[in-house]
Amino acid sequence: MATERIQSVSLGKTSSSDFQPLVIIQFSTSSKQAAIEWLVAKLQATRASGGAELEVSTVVMHHNQETLLYVGGTTERLLLGADMMDMEKKYGDGNYREFSIHDAHNFLGSEDLDSFLTMAEKQKIILHEIEAVRATEEDPHIPGYENIKLYPGKSIIKKYQSRNILTTVFPIHDDEYLKKLGAEWYQMKHAFKQQPIDRIQYYFGDKIALYFAFLGFYTIALLPPAMIGIIYFVTSWESMYREAIFSVFNLIWATLFLEAWKRYNAELSFRWGTTDIVSSKFEEPRANFYGKIGRNVVTGKPEPVYPKWKRVARFYGVTVPVVAFWLVVAFYVMLGYFYLQALADKKYENDKSWFNMGVLYLPTAIYAIIIGVVNTIYRSVAKKLNDWENHRLQSSYDNHFIIKLILFDFVNCFISLFYVAFYLQDMTLLRSHLAALLITQQVIGQIKEAMVPFIFMRRRKRQVDELLKKTSTVEKVEYYNNEVDDGLQKQVNLETTMDEYEGTLDDYLEMFLQFGYVFLFSSAFPLAAVWALLNNVTEIRSDAFKMCKVFRRPFAETASNIGAWQLAFELISVMAVITNCALIGMNPEVKKLLPTDITPVNTVLIFVLVEHIILAVKFAVAYFIPDTPKWVQVELARVAFKSKQALHKETSGHGKMRDWMPQQPKD
C-alpha cells in the first residue's frame with residue numbers, strides 16, 4: 001500500500017543513485033564559505049530542528065569560482081510537503097482533493113509514488129521548504145557576516161538574496177518535455193493554431209497558463225472590432241452615425257468578451273483543480289514578511305506578527321504622497337510634450353519640407369519613449385514602497401503592487417489623450433496621437449521583448465559552449481555523496497546565464513494599456529483593434545519562445561483566476577462608455593440634431609442619460625451571463641455532495657448514534 005511505503009521509510013534519507021536535483025541555488029563569487037556551509041546545514045537539518053530536511057549536492061566551478069547547490073528531496077519528503085501544503089491532486093473519483101499521506105492510495109497515480117508528483121509540483125514544494133527555513137533566537141547573524149543581523153522569524157534564504165550572498169534560486173528545466181512543448185507552441189507554423197494550454201499548465205503552472213489563455217482569448221476577441229475597423233477604413237461611408245455605431249458595438253463587445261472569459265476561466269480552474277479558494281487566514285505568510293514571532297490565531301502555527309496599524313500608517317503616510325508626486329510628474333511630462341509639439345507644428349508651418357514633416361512626428365515618438373522610461377523608474381519606486389509596507393500574504397502584496405502600477409500607468413499613458421479629447425477637443429489630433437502612441441509602444445515592445453532577448457540568448461549559448469570546451473575540470477564538494485551528471489551540469493551552467501522571468505505582471509500591464517487604447521477612444525481611431533490584433537498574434541509566439549528558450553524556468557504558482565486584472569479590465573470597459581459617449585456628444589453633426597434653443601446644461605444631461613442607458617445595457621448583459629457554465633456548476637455540486645457522503649460514511653463508521661448521544665438520567 002502507498003501509505004505503508006511512506007510510513008516505513010525514514011524521511012530525507014536515500015541512496016546517492018536516487019538523488020534527483022530539481023532546484024539550483026547559485027551563490028555569488030564573493031560569498032564566504034562559512035555562510036554557504038551554514039545554509040547547506042540548515043537545508044539538510046531535520047524539520048524538528050528547524051531545517052528543511054532536503055538533499056543537497058554542492059558543485060564549485062573552477063572557471064568562475066561559482067558555487068552551485070543542487071537541491072532535491074526524497075519521494076517521502078516531497079509527499080509530506082505536498083500534504084503540508086494542501087496540494088490538490090486527482091482523487092479516485094476523478095475530482096481534485098487536498099492530498100493526504102494517510103489517504104495516498106486513493107489518489108490517481110499513487111501506484112508509482114516516485115512519479116505521482118509532477119516535476120513542477122516537486123520544485124514548488126522544495127521552494128516552499130527552502131523559504132520556510134527561518135532564523136531563530138540562536139541565529140544572531142549569518143556566519144562569516146557578523147554585520148548582517150538575523151531576526152527571529154525572518155526567512156534565511158530571502159536574507160541571503162537581499163544581501164547578494166546568493167544571486168538566484170531557480171528550478172531546472174525538463175529539456176525533453178520543453179522541446180515537445182516548444183515544437184507545438186512557438187513555432188510559426190502553429191501561429192494560427194490553438195495554444196497547448198493544458199501542457200503549459202502542466203509545465204509552468206496555473207498562473208502562467210492563465211496568462212497565455214487570457215492573451216489568446218483576448219486576441220481572438222479582437223477579430224470582430226478589427227474587421228469592422230478595416231471595413232470603415234476602406235469604405236467612404238460618411239455619416240454622423242458611423243462612429244456612434246462602432247463605439248456602441250465595441251462597448252457591448254468588450255462586455256461580452258470579459259463575461260465569456262470568466263466562463264472560460266471557470267472551466268480551466270475546474271479542469272486544473274484550482275476552483276476552491278483557501279481562506280486567507282489559513283494562507284501562510286510570504287517569505288519576506290517580517291515581525292515578532294507569534295502564532296496564527298486560526299492554525300496555531302508560529303509565524304511573524306506585524307501590527308496592522310503600522311502598515312496602514314506607512315501606506316497613507318508615505319505611499320500615497322509618493323504616488324501623488326509621481327502622478328504630478330506624469331502630468332508635467334505631458335505638458336512638456338505638447339510644448340514640443342507646438343514648436344514642431346510651428347516649424348512645419350514656416351517650412352513644409354520633408355525634413356520638417358519628420359520633425360512633426362518626432363515629439364510623439366519621444367513622448368512614447370519617455371513614457372516607458374518614467375514607467376520603469378516609477379516601477380522601481382513602487383516595488384520599494386510595496387516591500388516597505390510589509391504585506392502578510394502574497395496575494396495582498398501582488399494586488400497592492402498591481403494597483404500602484406495601474407494607477408500610474410493609466411495616468412502616464414492616457415492623460416495626454418484625455419487632454420486632447422476633452423480640453424483641446426481636436427479629433428484629428430486625437431486620432432493621430434492615439435495611433436502614434438499605440439504603434440510606437442508596440443514596435444518598441446516587440447523589439448525589446450522578442451528581438452533583443454533572442455540575440456542575447458544566441459550570444460550567451462555560444463559563450464557558454466566555448467567556455468565549457470576550455471574548462472572541462474570541475475571540482476565537486478559532496479555534502480550528501482550525490483553525484484551530479486555532467487550533462488546536467490552543462491545544462492545548469494547554460495541556465496544560470498539565462499534571464500530571470502519576472503512574472504506575468506508586465507505582460508498583463510501591456511495588455512491592459514493596449515485594451516485602453518483600443519476601447520477608450522473607439523470612435524476616434526477604429527483601426528486600433530487591427531494594430532492590437534497584429535501585435536498580439538506575434539506576442540503570443542514571442543512570449544512562448546522566451547518562456548522556452550530565453551528565461552530560466554519559473555516556479556509554478558497556483559491561481560484560480562487572473563486576480564485584480566479582471567477588475568482592472570472591467571473598469572476600463574466602464575470608463576470607455578463615458579469617454580465614447582462624451583466624444584460622440586461633442587461631434588458637431590450630432591449637436592445639429594438637437595433643438596437650437598437647448599441650453600448647454602440640458603445638452604450635457606441628454607448625453608449623460610444616453611451614457612447611463614448604455615451602462616445599464618452593459619450591466620444587464622454582464623448580469624444575465626453566468627460567470628460559471630452550467631455544467632461546471634453541476635460538477636461542483638456533485639463533488640460537494642460526494643464529499644458530504646464520504647464524510648457521513650466515515651463518521652458513521654466510528655460508532656453508533658447511541659455511543660455519542662447524551663444518556664437520559666435514570667429514575
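# A guided tour, stop by stop

Begin by selecting Arg-552 and Phe-170: the charged end of Arg-552 sits over the ring of Phe-170, 5.2 Å from the ring's centre. Keep in mind as you go that this is a predicted model.

**Stop 1: from Phe-170 to strand β1**

Keep Phe-170 highlighted and add Ile-24. Phe-170 belongs to β8, and Ile-24 stands opposite Phe-170. Now widen the selection to the two strands, β1 at residues 23-27 and β8 at residues 166-171. They run antiparallel and are joined by five bridges.

β1 has another partner to add to your view. Which strand pairs with β1 over four bridges? Select residues 67-72 and you have it: this is β3, and its pairing with β1 is also antiparallel. For a landmark here, pick Gln-26, which stands opposite Leu-68 in β3.

Next, look at the side chains of β1. Val-23, Ile-25 and Phe-27 point one way from the strand, while Ile-24 and Gln-26 point the other way. Are these residues buried or exposed? Every one of them is buried. With five of its five residues buried, β1 is largely enclosed by the rest of the structure.

**Stop 2: helix α3**

Move on to residues 75-84, which make up helix α3. How many of its 10 residues are buried? Nine are, which leaves the helix mostly covered. If you colour the buried ones, you will be marking Thr-75, Glu-76, Arg-77, Leu-78, Leu-79, Leu-80, Gly-81, Ala-82 and Asp-83. Just after the helix, click on Asp-86, where the backbone takes a positive phi of about 55°.

A little further along the chain, select Tyr-91 and Arg-97. Here is another charge over a ring: the charged end of Arg-97 sits over the ring of Tyr-91, 4.0 Å from its centre.

**Stop 3: the largest cavity**

Now for the empty spaces inside. Rolling a probe the size of a water molecule over the atoms shows where empty space is left. In this structure there are two cavities of 30 Å³ or more, and the largest has a volume of about 50 Å³.

To see its walls, select Tyr-211, Leu-215, Asp-507, Glu-510, Met-511, Gln-514, Asn-535, Asn-536, Glu-539 and Asp-543. Which helices each supply at least two residues of this lining? They are α8 (206-221), α16 (505-519) and α17 (528-550). Colour the lining by class and you will find three nonpolar, three polar and four charged residues.

**Stop 4: the second largest cavity**

Keep α8 and α16 in view, add α10 (241-272), and you have the helices that each give at least two residues to the lining of the second largest cavity. Its volume is about 30 Å³. The residues to select are Tyr-218, Ala-221, Leu-222, Trp-253, Ala-254, Phe-257, Phe-515 and Phe-519. Where does the largest share of this lining come from? It comes from α10, with three residues. By class, this lining has eight nonpolar residues, with no polar and no charged ones.

**Stop 5: aromatic pairs**

Two residues of that last lining, Tyr-218 and Phe-257, deserve a second look. Across the whole structure, a search finds 50 aromatic pairs. Tyr-218 and Phe-257 form one that is tilted, at 5.7 Å centre to centre and 40° between the planes. This pair links distant parts of the chain, with Tyr-218 in helix α8 and Phe-257 in helix α10, 39 residues apart. Tyr-218 counts as buried at 1% relative accessibility, and Phe-257 is buried too, at 4%.

For a contrast, jump to Tyr-623 and Phe-624. Their ring centres are 5.1 Å apart and their planes lie at 85°, so the pair is edge-to-face. Are these two buried or exposed? Tyr-623 is exposed, with a relative accessible area of 66%, and Phe-624 is exposed as well, at 64%.

**Last stop: Leu-567**

Finish in helix α18, residues 564-585, by selecting Leu-567. At 51% relative accessibility, Leu-567 counts as exposed, because the cut-off for exposed is over 50%. Then add Leu-258 and draw a line between the two C-alpha atoms: they are separated by 9.9 Å, although the residues are 309 apart along the chain.

Methods. Residues numbered from 1 in each chain as written. Predicted model: local features only at pLDDT ≥ 70, side-chain atom pairs only at ≥ 80, totals over all residues. Heavy atoms only, no water. Buried < 20%, exposed > 50% of the residue type's maximum accessible area, 1.4 Å probe, protein only. Pairing = 2+ DSSP bridges. 1 Å grid on protein atoms, 1.4 Å probe; cavity = no way out; pocket = protein on both sides within 12 Å on 5 of 7 lines; lining within 4 Å. Points joined across faces, edges and corners; volume = space filled by probe spheres on them. Nonpolar A, V, L, I, M, F, W, Y, C, P; charged D, E, K, R; others polar. Phe/Tyr/Trp six-rings, centres within 6.5 Å; stacked < 30°, edge-to-face > 60°. Lys NZ or Arg CZ within 6 Å of the ring centre and 35° of its normal.
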